[in-house]
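Consider the charged side chains of this model and how they pair. The paragraphs below go through several of the pairs in turn.

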Amino acid sequence: IDPMSAATELTNLLAEIRACRLCADDLPLGPRPVLRASATARLALCSQAPGTKVHASGRPFTDRSGDRLREWLAVDSDTFYDQRRIAIVAMGFCYPGVDAKGGDLPPRPECRKIWHDRLFQALPQVELVVVIGGHAMAYHLDKRRKPSVRETVAAFREYLPRVIPLPHPSWRNNAWLDRNPWFEAELLPVLRQSVHRLIA
């Protein structure tokens, strides 16, 4: 496929995803698919699902988790939201709601089934996928992931240069980060070097 028709195919697919209303009856705030991608982005950030702030803004990671993720990547906001350089594709494109305890519900499984394979086939130029949290690890690493998020993140060297797994940058993970100082000392330098090579 020539680059022009590949870009058109991707544009059409993104329009199709943004028009998706498949889970409308199950979404507490209604459908609002949030994602960013282009035919030139060589880096993809793959997370769980939007929260309420992201649902309201229509831009991924417009919350405190996004501040921490940008800090981990060592990129500013303009670079982060430059979709020519960075694709942002959650496992669920719409806000799924909360469970009885007030935690986020898992991403709707329909996104993965219907859209993800098609979308990543339409992004052949992506060289590095940063997978954030267990749901993204399950899709992008499949049988290669370890029994827990911690073990998967600790084994990050096994997945290089194609994938780098991260815990969720939520402030709820502060205790996890305190218990695992190797994350900041060993993984973040590799992450930043890989990211900056691709977005330079």
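In this predicted model, Asp-82 is buried, its relative accessible area being 11%. The cut-off for buried is under 20%, and values between that and 50% count as partly exposed. Arg-85 falls in the partly exposed class, at 30% relative accessibility. Asp-82 and Arg-85 form a salt bridge, with 3.0 Å between the closest N and O atoms. The pair therefore joins a buried acid to a partly exposed Arg-85.

Another pair is made by Glu-16 and Arg-118, whose closest N and O atoms are 3.2 Å apart in a salt bridge. Glu-16 belongs to helix α1 (residues 3–18) and Arg-118 to helix α5 (residues 109–121), so this contact ties together parts that are 102 residues apart in sequence. Glu-16 is partly exposed, with a relative accessible area of 38%. Arg-118 also counts as partly exposed, at 37% relative accessibility.

Next comes Arg-108. The side chain of Arg-108 meets that of Glu-110 in a salt bridge, at 3.0 Å from N to O. Arg-108 is partly exposed, with a relative accessible area of 23%. Which residues are linked with Arg-108 in a network of salt bridges? They are Asp-26 and Glu-110.

The pairs described here are part of a longer list: the count for the model comes to ten salt bridges. The rule behind that count asks for a side-chain nitrogen of Lys or Arg within 4 Å of a carboxyl oxygen of Asp or Glu.

Key. Residues are numbered from 1 along each chain as its sequence is written. This is a predicted model: local features need pLDDT of at least 70, side-chain atom pairs count only at pLDDT 80 or more; totals for chains, interfaces and linings use all residues. Side-chain values use heavy atoms; hydrogens and water are left out. Helices (H or I, at least four residues) and strands (E, at least two) are DSSP runs, numbered from the N terminus. Buried means under 20% relative accessible area, exposed over 50%, partly exposed in between (1.4 Å probe, protein chains only).
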